[in-house]
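Biologist: Could you walk me through this one before I start drawing figures? I would like to go from the chains down to single contacts.

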2 protein chains.
Amino acid sequence: MKKIVVIGGVAAGLKAAAKARRCDPKAHITVVEKGELISYGACGMPYYVAGDVDNIEQLMMTPAGAVRNPAFFKNVKDIEVKTKTLATKINRDRKTVTVKNLESGEETELPYDKLVIATGASPVKPPLPGIELANIFQMWHPNDAKAVREGLERGKFSRAVIIGAGLVGMEMAEALKMWEVDVAVVEMKEQVFPAFLDPEIAGAVEKYAQEKGIHIYTGEKVERFSGDGSVQEVVTDKRVLPADLVILAIGVRPNVELARDAGLELGVTGAIAVNEYMQTSDPDIYAGGDCVENTNIITGRKVYAPMGSTANKHGRVIGENLCGAKAKFRGVLNTVVVKVMDLNVGKVGLTERDAKELGYEYVTALIGGHDRPHYMPGAKLMSLKIIVDANTRRVLGAQAFGEAEIAKRIDVIATAITLGGTVDDLFDIDLGYAPPYSSPIDNVAVAANAVMNKLAGKLKGISPLEAKDKLNCEDIIFLDVRSPEECKQIRLANCKDIRYIPLGQLRKRLSELDKDKEIIAFCKISLRGYEAALILEGEGFDKVKVMEGGIIAWPFACEK
Amino acid sequence: MKKIVVIGGVAAGLKAAAKARRCDPKAHITVVEKGELISYGACGMPYYVAGDVDNIEQLMMTPAGAVRNPAFFKNVKDIEVKTKTLATKINRDRKTVTVKNLESGEETELPYDKLVIATGASPVKPPLPGIELANIFQMWHPNDAKAVREGLERGKFSRAVIIGAGLVGMEMAEALKMWEVDVAVVEMKEQVFPAFLDPEIAGAVEKYAQEKGIHIYTGEKVERFSGDGSVQEVVTDKRVLPADLVILAIGVRPNVELARDAGLELGVTGAIAVNEYMQTSDPDIYAGGDCVENTNIITGRKVYAPMGSTANKHGRVIGENLCGAKAKFRGVLNTVVVKVMDLNVGKVGLTERDAKELGYEYVTALIGGHDRPHYMPGAKLMSLKIIVDANTRRVLGAQAFGEAEIAKRIDVIATAITLGGTVDDLFDIDLGYAPPYSSPIDNVAVAANAVMNKLAGKLKGISPLEAKDKLNCEDIIFLDVRSPEECKQIRLANCKDIRYIPLGQLRKRLSELDKDKEIIAFCKISLRGYEAALILEGEGFDKVKVMEGGIIAWPFACEK
């Protein structure tokens with residue numbers, strides 16, 4: 001009878017065990033987990049803290065309401081799960097794992113034919129003065145979430161500082177705002193979501209969050225925490241922030257000690273190296289989840305990209321291979337979707353920064369538009385940027401934000417990238433159309449269209465970042481072609497020379513514009529801006545550019 | 001100066017004109033439209049009738065609030081639009097179109113270098129007795145929508161009969177229910193959405209609509225209408241339905257007379273034949289929108305599939321080619337998304353019926369699940385069926401329904417099919433994951449997984465349709481492995497031999513089941529049903545099948 005031992009009982013480990021059981025009803029399968037809880041939905045913790053989820057136990061239940069505890073795995077899947085059991089050593093010579101019962105202290109050896117390492121990751125805890133003060137939490141274990149929620153329910157917290165403007169940090173910012181806590185986010189890098197957004201997209205997201213009352217301090221480093229027993233102040237290199245709650249969210253590191261001590265290979269990212277079958281350098285030992293590194297599908301490069309979705313796929317592949325299959329894991333696109341208040345943000349594939357660093361010749365487009373026909377109730381705006389290889393026309397990546405439906409567009413582009421799709425393919429796809437869901441020309445097709453126009457030389461765009469540098473220039477006209485009503489509501493700020501000519505009047509008012517000057521045309525989403533550029537070009541203006549994304553994607557100051 | 005004439009000013013025609021203008025600032029572009037209105041969002045009419053859209057004019061406006069009338073097209077796009085102008089003849093010999101001003105009766109000839117036919121389609125009006133009675137509407141022109149909405153606002157209508165359970169019919173059923181009108185839908189075919197759903201999926205959709213109070217009579221033919229001036233009764237071959245409002249929604253036919261009279265080729269579907277460049281049999285004449293036939297991307301067959309989204313793509317391709325490009329239109333996947341009350345329904349590619357008729361060897365899977373982690377507020381259930389080529393493993397089609405987010409999954413599968421993706425690709429895609437949007441293993445991956453398991457011989461499924469035929473059989477056990485609480489709420493009806501054994505007790509209660517009998521295991525979504533089958537197979541039961549989709553996809557009677 002085959003003996004399978006799995007180290008780690010959260011996502012990848014239990015998935016591998018369950019899949020192995022489905023493939024082999026007779027194998028003896030043991031899972032050891034150092035904690036008390038298993039198989040919990042860690043990604044749900046911010047929503048538990050926010051109050052969206054009533055009870056932390058829901059994160060450990062099946063949809064039918066059964067608690068995923070050791071008894072459940074025994075009864076349903078015939079898998080033995082040992083909690084509070086720490087794997088201390090892998091003895092590859094005799095194919096055993098030494099485990100220690102954390103309650104009794106007893107040590108035993110579990111023999112294996114096949115071993116799975118799914119030891120996950122641990123949050124980074126910076127060695128700053130005051131880090132051990134009370135009410136400084138890492139949002140990693142359900143106990144953290146419980147403690148924060150209890151404190152919120154008892155009204156203990158009114159000023160929170162979150163360290164790190166990544167996924168956990170920004171999700172927690174939203175969660176805490178739900179309790180009307182004053183929230184500040186401190187990020188060392190110059191932008192929010194530094195790991196996956198280009199700066200102009202991050203700028204727009206940051207602007208939104210600030211408008212919703214989340215204070216964001218980028219390019220700022222936390223130096224220490226102070227307080228009497230519990231935290232009272234966060235001291236950065238620029239200011240002192242009062243705080244009765246601190247959330248540390250500066251990233252995670254893979255738990256590789258066990259693997260490293262056993263002589264298994266680590267990869268360039270520092271995580272455990274695995275091949276396409278999820279095998280470590282020892283073919284009888286598999287590894288998956290947050291402790292391994294992945295391959296980026298586009299570049300073939302190794303990346304550290306811990307995600308619950310990836311961990312589950314790892315588990316399935318490992319489970320099959322434990323039973324003799326040769327299933328492969330293809331890799332990742334570093335896809336991200338995240339909600340910040342009512343803003344949806346998404347990213348897939350390469351950022352523009354990645355594309356530049358990797359030496360691609362690329363074209364980008366940043367477009368705006370409603371996610372449904374504008375006349376439908378609930379139609380919302382989004383901005384979508386796509387990055388395309390200028391030579392092969394293959395789609396390299398996309399980023400999107402807006403209160404609109406973002407995730408669908410990101411998933412469509414993820415699918416296209418996975419299958420090597422070009423920008424032309426993106427335009428061609430027969431996406432589902434009905435007014436409750438989408439416009440006849442979906443935002444994805446609009447973005448593809450814009451790139452195709454650029455590749456054909458029919459659209460000269462300028463990014464908000466470049467446009468900003470020209471705000472103060474002498475010989476540059478910013479041409480806002482929106483209606484007077486729209487201009488009353490919001491306008492670009494700090495323009496040296498801005499003209500307001502509604503698109504419908506442009507053909508008659510050409511004499512107001514100087515052909516010698518560079519003109520940057522725009523509107524709310526820059527579709528009318530594009531029309532304006534075409535009109536001007538048709539009339540012999542040859543220095544016209546369209547400000548991509550329009551006002552809704554403008555990450556800098558506006559007047560109201 | 002190039003002269004471009006476009007016949008038809010709704011979707012494809014105006015899109016072609018606008019795109020041509022963008023490519024060629026100097027061309028002389030004229031659009032003739034027989035009606036008074038142009039460029040309206042016809043697909044929005046049910047939502048105007050429902051009251052979701054306040055004002056019918058919104059369907060004719062740009063997102064910025066400009067009315068898309070002839071003045072707008074003149075000022076913004078330098079396109080001349082002649083409304084109330086009927087094209088009566090295409091004179092290919094001298095390259096002119098004879099047009100008639102419907103107000104003055106005056107006839108003129110417009111010369112063209114390139115001509116675009118975008119004459120659209122007309123709703124089918126069956127020659128039934130009483131068809132001319134008042135309050136029998138075809139939901140085709142904004143005037144129809146206005147008349148129905150006005151009647152509803154004045155409380156004129158309390159009992160509506162809709163003829164045809166296709167897209168327009170079911171959207172109008174929802175719209176009228178919003179006004180608390182008693183709604184009956186009569187459909188000649190044996191199911192709702194006969195054009196694009198397999199019968200078991202249609203059955204589940206019909207069951208939902210019936211539960212929401214829409215009376216549906218399938219396999220029933222309307223014979224006549226009766227009433228005194230306005231309609232009072234709809235007489236079918238089975239019953240008499242009282243009605244003060246009738247909506248005819250039995251489909252549309254392409255308007256091809258002008259093209260046919262000019263000697264242009266029609267296709268096998270009866271619509272205008274065009275090549276991949278959207279050219280008719282006369283290379284100077286293009287055609288697009290609801291008057292042409294399309295090519296199905298999977299089969300290469302010609303299909304008649306009028307859709308607003310397709311018409312817009314046609315317009316872009318035509319517009320480019322009018323200016324000398326060689327843009328191609330790839331074809332369609334007959335993608336559909338439609339909302340019926342709170343139910344979302346979608347379809348892409350081939351149905352199982354299509355696959356069978358076309359001689360494919362195929363495998364299907366029908367799975368169920370939440371669209372987000374079950375603990376998230378607003379998580380809803382969906383059922384998803386995919387159809388896969390058993391030899392090439394390529395995805396052929398999908399259908400989905402549920403209150404969950406359907407459109408995203410349909411669009412992902414549409415993208416995969418367009419790019420020739422296999423079921424393995426579907427599993428691999430790095431789809432965006434965060435609890436507000438999706439589960440770590442998205443429904444698409446779950447469905448792919450089920451097909452992969454079937455192809456590997458690890459899952460023996462039985463469709464609800466096949467299972468229904470076995471409800472009364474002697475030697476067949478239906479095994480419901482849900483919890484007692486779930487079984488209290490809803491159960492399959494009319495089972496000869498049904499057993500209730502919660503999954504967690506199954507290993508201990510194996511002796512209650514007879515190995516000689518065929519066992520059909522299921523649960524709410526049949527994930528536990530699958531686990532049950534694996535347990536039984538592991539214990540030597542060799543006649544076990546999983547009822548696909550579980551109770552939520554069961555289209556037949558249930559007990560409550």
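Modeller: What follows goes through the chain arrangement, a helix pair, two sheets and a salt bridge.

Biologist: What should I keep in mind about the source and the numbering?

Modeller: This is a predicted model, in which local features need pLDDT of at least 70 and side-chain atom pairs count only at pLDDT 80 or more, while totals for chains, interfaces and linings use all residues. Residues are numbered from 1 along each chain as its sequence is written, chains are lettered from A and ligands numbered from 1 in the order in which they are written, and side-chain values use heavy atoms, with hydrogens and water left out.

Biologist: OK, what rotation puts chain A on chain B?

Modeller: Chain A superposes on chain B after a rotation of 180° with 0.0 Å of shift along the axis, at an RMSD of 0.0 Å, the fit being by least squares on the C-alpha atoms of residues with pLDDT of at least 70 in both. That is the relation of a two-fold axis. The same surface serves both copies, since 100% of the contact residues of chain A recur in chain B, where contact means heavy atoms within 4.5 Å.

Biologist: Now helices: how do α1(B) and α8(B) cross?

Modeller: The axes of α1 (residues 12-23) and α8 (residues 308-322) of chain B come within 7 Å and cross at roughly 35°. Axes here are lines fitted to C-alpha atoms, for helices over the stretch in contact, with angles running from 0 to 180 degrees between N-to-C directions; helices are DSSP runs of H or I with at least four residues, strands are runs of E with at least two, and both are numbered from the N terminus.

Biologist: And which residues meet there?

Modeller: On the α1(B) side they include K15(B), K19(B) and C23(B), and on the α8(B) side R316(B), I318(B) and E320(B) are among them. The residues of this contact divide into 7 nonpolar, 3 polar and 4 charged, with Ala, Val, Leu, Ile, Met, Phe, Trp, Tyr, Cys and Pro counted as nonpolar, Asp, Glu, Lys and Arg as charged, and the others, Gly among them, as polar.

Biologist: E320(B) caught my eye; what does its side chain meet in chain A?

Modeller: The side chain of E320(B) forms a salt bridge with K458(A), at 3.4 Å from N to O, the criterion being a side-chain nitrogen of Lys or Arg within 4 Å of a carboxyl oxygen of Asp or Glu. K458(A) lies in the loop between α12 (443-455) and β26 (461-462) of chain A, and E320(B) in helix α8 of chain B, so the pair joins two chains. Over all chains, the structure holds 82 salt bridges.

Biologist: Switching to sheets, what is the strand order in the one with β26(B)?

Modeller: That open sheet of 5 strands in chain B runs β26-β31-β30-β27-β29 with parallel pairing, where two strands pair if DSSP finds at least two bridges between them. β26 (461-462) and β29 (498-500) of chain B stand at the edges, each with a single partner strand, so one side of each is left without a neighbour in the sheet. Between β27 (residues 476-480) and β29(B) there are 3 bridges, and F478(B) stands opposite I498(B).

Biologist: Which helix packs on it?

Modeller: Helix α16 (residues 527-538) of chain B does, touching β27, β30 (518-522) and β31 (544-547) of chain B, and its direction makes about 175° with that of β31(B).

Biologist: How about β13(A)?

Modeller: 6 bridges join β13(A) to the antiparallel strand β14(A), residues 230-236, and G227(A) stands opposite V231(A).
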